[in-house]
Amino acid sequence: MSVDPFDPEFQQNPFPTFAELRRTDPVHYVAEQDFYMVTAMDLVREALRQPKLYSNTETSRARTTEPPPEIADQVAAIRAKAFPYVPALNLNDPPTHTRYRRLINKAFTPRAVAHMEEIVDDVAHELVAALVDGESVDIVDALARPLPVFAIVRIFGLDDERRNDIARWSDAATASLGRRLSHEEWLFTEEQNLDFQQVMSAELDRRRAQPRGDLLSVLVEPHEDAEPMTNRELVWLIRELLVAGNETTTRSIAEAVVQLDRHPEYWARMRTDRQLGEQVAEEAIRLSSPALGLFRRVTEDTVLGDTPLPKDALVYLGYGAANRDPELFAEPDEFVPGRSGARDHVAFGHGIHVCAGAGLARMETLVAMRALAESVEQLEVVRPDELNYVPSFVLHGLLGVPVVVHRLDQ
């Protein structure tokens, strides 16, 4: 079977291909791109449980594209003004990964996330209140995208005026993941990345001089057991936090709205059953799998399943494929809130690289569901057969979801 991860048809709906590979060739060699695509849950988890054998370093050549030679000099000139790249959580292994992880764990304690929930809840109700009965809106633009963006602005301690900046910066950070860009897109992306670094570096300097109790202040505060991180290190870490938080929540909320359009009875049930909101959110996260797949590098000759893997081979661990493995999930393509083993998915990864912001992403999706259920009788998806997904094989999620709003009689 031939698989082209850049094929638009595959990127719009990779799941039939994943299912066929899982059945016939669960560690499939993609010859043109020179990596192995892993689609079975047991094999994805096997790799994630062995970070020394399946390294998180030196994988960027497969997950991102490089600027074409025609504009390479222009891109290099922009990058020369920015901090050179420093791998943070996503492309690091212990002990460097451990240093970053300790810092993030201090920022995302259960108590801290509980405090963040108040902020997220305020933002969610503010956005849901603006939905007008009978109007057509894109729920991604009206709620799914601004909720995590507006929330992270307040969690970071930035001015609300930075909302549009955060959205642009987040888009730029993921622009080249699993997709090819035009010349104009490349230059715009690099300018946005530079702008992000310059603004965040200045904010970090302000927090060192005058801590405010926000997340940026936590990141710069001195710790007895660790060397303080530099702005160069922190701007790359913050960029990862932006992407991880915004992408997961946005895509999960959008997926939930589409699924609830097919099962509108859940809206009324969520108003009386608070646990159902959690189940809807979890199932939407499993189905949407915003991180469709991530790469690892094999550090020595090994065998995964029945497939020999040579040293330095790149493997694409298909999170989205594993999350629809019928060995774990009955009727895996169906939306079944409260299903058995609902949290056994790998949408947030597994092992030492499990997403540090998973608690925040789950909470934001849940808060959005509850805020909608309190005010909305139904969000009627317009032309559901014409919905489009991010053109990428690394990220996955709906680009937009036009709906007609049907509010509850108040």
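A residue counts as buried when its relative accessible area is under 20%. Keep that cut-off in mind as we walk through this predicted model, starting with a residue it applies to.

Ser 289 has a relative accessibility of 0%, so it counts as buried. You'll find Ser 289 in the loop between helix 15 (274–288) and strand 5 (294–298). Its backbone is worth a look too: phi of Ser 289 is near 40°, a positive value in a residue other than glycine. For context, most residues other than glycine have a negative phi.

Now jump to Glu 331, where phi is near 45°, again a positive value in a residue that isn't glycine. Glu 331 sits in the loop between helix 16 (319–322) and helix 17 (358–375). Is Glu 331 buried or exposed? With 58% relative accessibility, Glu 331 counts as exposed, because the cut-off for that label is over 50%.

On to the helices, beginning with helix 13, which covers residues 231–262. Helix 13 has 32 residues and reaches 47 Å from its first C-alpha to its last, close to the 46 Å expected at 1.5 Å a residue. Of those 32 residues, 28 are buried, so helix 13 is largely enclosed by the rest of the structure.

One of its partners is helix 11 (residues 183–209). Two packed helices are described by the angle between their axes and the distance between the axes. Here the axes of helix 11 and helix 13 come within 9 Å and cross at roughly 115°. Angles of 65 to 115 degrees count as roughly perpendicular, and helix 11 and helix 13 are therefore roughly perpendicular to each other. Their crossing is right-handed. On the helix 11 side, the contact includes Phe 196, Met 200, Leu 204 and Arg 208, while helix 13 brings in, among others, Leu 234, Trp 236, Ile 238 and Arg 239. Sorted by class, this contact has eight nonpolar, four polar and three charged residues.

For another pair, go back along the chain to helix 7 (residues 110–129) and helix 9 (residues 146–156). The axes of helix 7 and helix 9 come within 9 Å and cross at roughly 135°, and the two helices are therefore oblique to each other. This crossing, too, is right-handed. Helix 7 contributes residues including Met 116, Ile 119, Val 123, Glu 126 and Leu 127, and among those from helix 9 are Pro 146, Phe 150, Arg 154 and Ile 155. What does the contact of helix 7 with helix 9 look like by class? It has 11 nonpolar, no polar and two charged residues.

Conventions: Residues are numbered from 1 along each chain as its sequence is written. This is a predicted model: local features need pLDDT of at least 70, side-chain atom pairs count only at pLDDT 80 or more; totals for chains, interfaces and linings use all residues. Side-chain values use heavy atoms; hydrogens and water are left out. Helices (H or I, at least four residues) and strands (E, at least two) are DSSP runs, numbered from the N terminus. The expected span of a helix is 1.5 Å times one less than its number of residues. Buried means under 20% relative accessible area, exposed over 50%, partly exposed in between (1.4 Å probe, protein chains only). Axes are lines fitted to C-alpha atoms, for helices over the stretch in contact, and angles run from 0 to 180 degrees between N-to-C directions. Angles under 35 degrees count as roughly parallel, over 145 as roughly antiparallel, 65 to 115 as roughly perpendicular and the rest as oblique. A crossing is left-handed if the near helix is turned anticlockwise from the far one by less than a right angle, and right-handed if clockwise. Contact means heavy atoms within 4.5 Å. Ala, Val, Leu, Ile, Met, Phe, Trp, Tyr, Cys and Pro count as nonpolar, Asp, Glu, Lys and Arg as charged, and the others, Gly among them, as polar.
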